[in-house]
Amino acid sequence: MTPNNTLITVCYGGEAPEGKGELNVDLHSASDCQTQCAEKVCEISALDGDVKERLHTDSEQPQKIRVVPIHRRPDLLVPCADLVNSEWQRSQAARVHSLQKSCPEFPVCMVLLQGHRETERLLGHARLSRVVGHSSSLFVESVVVSKAERGKGHGRTLMEEIERYAKSRGFKRLCLTTHDKQHFYAHIGYVLSTPVQNAGAMTAFVPMEMLLRFSRMPSDETNTQKETRTKMEAQVPQGNRDSGGGCVVGSPPPSSLPPPPSIPPPPPPPPSIPPPPPPLPPSIPPIPPSIPPLPPPPSIPPPSPSIPTPPPPPPSAGQLVVQTLTETPYRDAKGVPIFWMHKDI
């Protein structure tokens with residue numbers, strides 16, 4: 001027997017057949033049921049035999065989430081500009097102008113979409129740029145999820161789709177910075193890293209070789225100057241170095257030069273001048289010994305324990321810089337602490 005309150009789902013195209021308390025069902029394949037634009041579901045109770053119908057439409061089916069470069073969807077420029085501006089305020093015109101720089105040669109602005117046509121929704125955005133001096137790395141920035149769609153796992157989905165896109169383009173590492181989401185990125189595989197330089201939109205009109213020259217660290221320039229100076233000194237003969245720089249590079253050593261012409265003797269000295277008179281005695285009388293000497297200054301008392309000690313000096317260039325998920329020595333342009341992270345993909 002059929003248990004009580006059993007739910008039976010039936011697909012059919014017409015009205016329920018008439019019968020004496022019985023429901024004759026013509027079973028079709030699942031593919032025939034899916035061809036209907038709407039399903040009618042019959043709920044049959046074994047107790048009272050009531051039949052209830054419920055209509056299922058295509059909108060109730062799960063919709064696929066995907067990422068698309070925004071230069072392929074110019075119709076989303078304004079909605080995407082509003083989405084990014086909801087997190088980082090900027091004029092809409094300036095933001096649209098920035099999004100319009102998206103191109104296959106980078107930077108690329110990716111949008112996370114769900115649904116199709118009338119049901120399509122904009123879920124998130126992220127931007128990918130090249131990293132100066134690291135041809136196999138990309139820099140991820142401006143990661144944002146719509147406030148109405150947060151808490152649903154779309155942030156993780158956006159980062160996974162970004163990784164899949166970067167791998168399809170042949171890149172092996174993603175770099176990023178964050179002020180307060182370091183724990184989220186660590187949970188999805190990112191580790192603490194050292195700073196790199198984001199090329200941004202400069203690669204569209206400045207060659208990467210030129211950016212690499214401009215981004216050279218001061219220590220690299222010092223080393224280059226030292227190497228250049230060493231090479232120049234290697235070209236100078238030993239005799240020229242000892243002469244204190246008076247010889248031009250490539251000139252013969254001083255031993256091969258002709259002797260200088262003889263210098264005539266100096267003229268005889270003039271007749272003797274009488275010595276000057278002795279100095280006059282000082283007009284200020286000396287201090288009499290009866291004036292006692294001044295007392296020594298009082299000693300400075302030690303600081304009170306209530307006064308806080310000054311902060312320790314910043315670490316020098318030779319000390320190791322330590323960065324954790326709770327503390328970072330790095331600061332952004334406004335002086336706010338910032339965490340540098342990367343992930344190998």
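## Exercises on a predicted model

Residues 24 or more positions apart account for 58% of the contacts in the protein with a separation of 6 or more. The model is predicted, and the exercises below move from the whole chain to single residues.

**Exercise 1.** Describe the overall make-up of the protein, and state how confident the predictor is in it.

*Solution.* Begin with the secondary structure, where 8 helices and 9 strands are found. Next consider burial: of the 345 residues in the protein, 25% are buried. Turning to the surface, the protein exposes about 25,400 Å², and carbon and sulfur atoms supply 60% of that area. Finally, the pLDDT averages 72, with 50% of the residues scoring at least 70. Over residues 218-222 the pLDDT is below 50, and this stretch has 1 contact in the model beyond near neighbours in sequence. Residues 224-256 likewise have a pLDDT below 50, with 14 contacts in the model counted beyond near neighbours in sequence.

**Exercise 2.** Decide whether S129 is buried or exposed, and identify what surrounds this residue.

*Solution.* First locate S129, which lies in strand β5, spanning residues 121-131. Then apply the cut-off: buried means under 20% relative accessible area, and because S129 has a relative accessibility of 0%, it counts as buried. Setting aside residues up to four places away in sequence, S129 touches P107, S137, L138, F139, E141, N198 and G200. Among these partners, E141 is joined to S129 by a polar contact of 3.2 Å between the two side chains.

**Exercise 3.** Determine which residues of helix α2 are buried, and which elements are included in what covers them.

*Solution.* Helix α2 runs over residues 77-85, and its buried residues are L77, C80, A81, L83, V84 and N85. The cover over these buried residues includes helix α3 (92-99) together with strands β4 (108-114), β5 and β6 (134-145). Strand β5 is also the element that holds S129.

**Exercise 4.** Work out how Q92 is placed with respect to A81 and D82.

*Solution.* Start from the position of Q92, which is in helix α3. Its relative accessible area is 39%, so Q92 is classed as partly exposed. Then compare sequence with space: Q92 and A81 are 11 residues apart in sequence, while their C-alpha atoms are 6.2 Å apart. Leaving aside neighbours within four places in sequence, the contacts of Q92 are V78, A81, D82 and N85. With D82 there is a polar contact, made between the two side chains at 2.8 Å. Of the residues that Q92 contacts, A81 and N85 are listed among the buried residues of α2.

Methods:
Residues are numbered from 1 along each chain as its sequence is written. This is a predicted model: local features need pLDDT of at least 70, side-chain atom pairs count only at pLDDT 80 or more; totals for chains, interfaces and linings use all residues. Side-chain values use heavy atoms; hydrogens and water are left out. Helices (H or I, at least four residues) and strands (E, at least two) are DSSP runs, numbered from the N terminus. Buried means under 20% relative accessible area, exposed over 50%, partly exposed in between (1.4 Å probe, protein chains only). A polar contact is a pair of N or O atoms within 3.5 Å; within protein, one must be able to donate a hydrogen and the other to accept it, and residues adjacent in sequence count only if both atoms are side-chain atoms. Contact means heavy atoms within 4.5 Å. Accessible areas come from the Shrake-Rupley method with a 1.4 Å probe; for residues, only the protein chains shown count as cover. pLDDT is the predictor's confidence in each residue, from 0 to 100.
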